[in-house]
Amino acid sequence: VNLSLAPSITPDPEILFHRYGIVEVPLTMHNNGRALSIQVEGNSMGGIALGALTWDLKQIVIHSPSEHTFGGHQVPLEMQLFHGRAGEPLTPKTTAVVSIGFVPSPQPLFFLESLRQGGLPDQVGTSSVVNRQTPAALNFRQLLNSTFLEYSGSLTMPPCSTGVRWFVRSQPVPAKLA
């Protein structure tokens, strides 16, 4: 998805804000052959809000290369945080996705290093436990201090149902290529 025409939105308590906690528990990452993903139980990790609407984090999905373009170019990695509207059944119309791209940098990013800890599931259908040893921790706040582009779109897996709200970080985050 080329985002050059999407309107931008700046994280602000009056517009879009997040309420993620710092995650220090081990998480199971699964390889489905298309992406790496982590299922989130309940509303234990927090989520986002836009005005009176709130969404709880339900799944973390990692794509390589990115599904969106940043500055007109795909980047090596994109993390999508899938949220469901609080208190409602999960459907495309009750789904909001926060998407963050990553570009190569000589410096590692602690967030991604925590997701790599324990090894990535490199075979289709396999899983691994990540974020499992101190000092590993997922601090989503360090990824969200930026301007976001917003658009109404669809899920990216068939049946590609429409009505999903997308919030895409306008600038990718630097991270070590490994």
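Student: How far apart are the mean positions of the 11 positive and 11 negative charges of the protein chain?

Tutor: This is a predicted model, where local features need pLDDT of at least 70, side-chain atom pairs count only at pLDDT 80 or more, and totals for chains, interfaces and linings use all residues. Residues are numbered from 1 along each chain as its sequence is written, and side-chain values use heavy atoms, without hydrogens and water. Lys and Arg count as positive, Asp and Glu as negative, while His and the chain ends are not counted; each charge is placed at NZ of Lys, CZ of Arg, CG of Asp or CD of Glu. Between the two mean positions the distance is 2 Å.

Student: Which strand holds T95?

Tutor: Strands are DSSP runs of E with at least two residues, and helices are runs of H or I with at least four, numbered from the N terminus. The protein chain has two helices and 14 strands. T95 lies in the one spanning residues 95-105, strand β10.

Student: Is T95 buried or exposed?

Tutor: Buried means under 20% relative accessible area, exposed over 50%, and partly exposed in between, with a 1.4 Å probe and protein chains only. T95 has 6% relative accessibility, so T95 is buried.

Student: Which residues does T95 touch, not counting those up to four places away in sequence?

Tutor: A contact means heavy atoms within 4.5 Å. With residues up to four places away in sequence left out, T95 touches W55, F82, H83, L90, V164 and R165.

Student: What share of the 178 residues in the protein chain is buried?

Tutor: T95, at 6% relative accessibility, is one buried residue. Across the protein chain, the buried share of the 178 residues is 45%.
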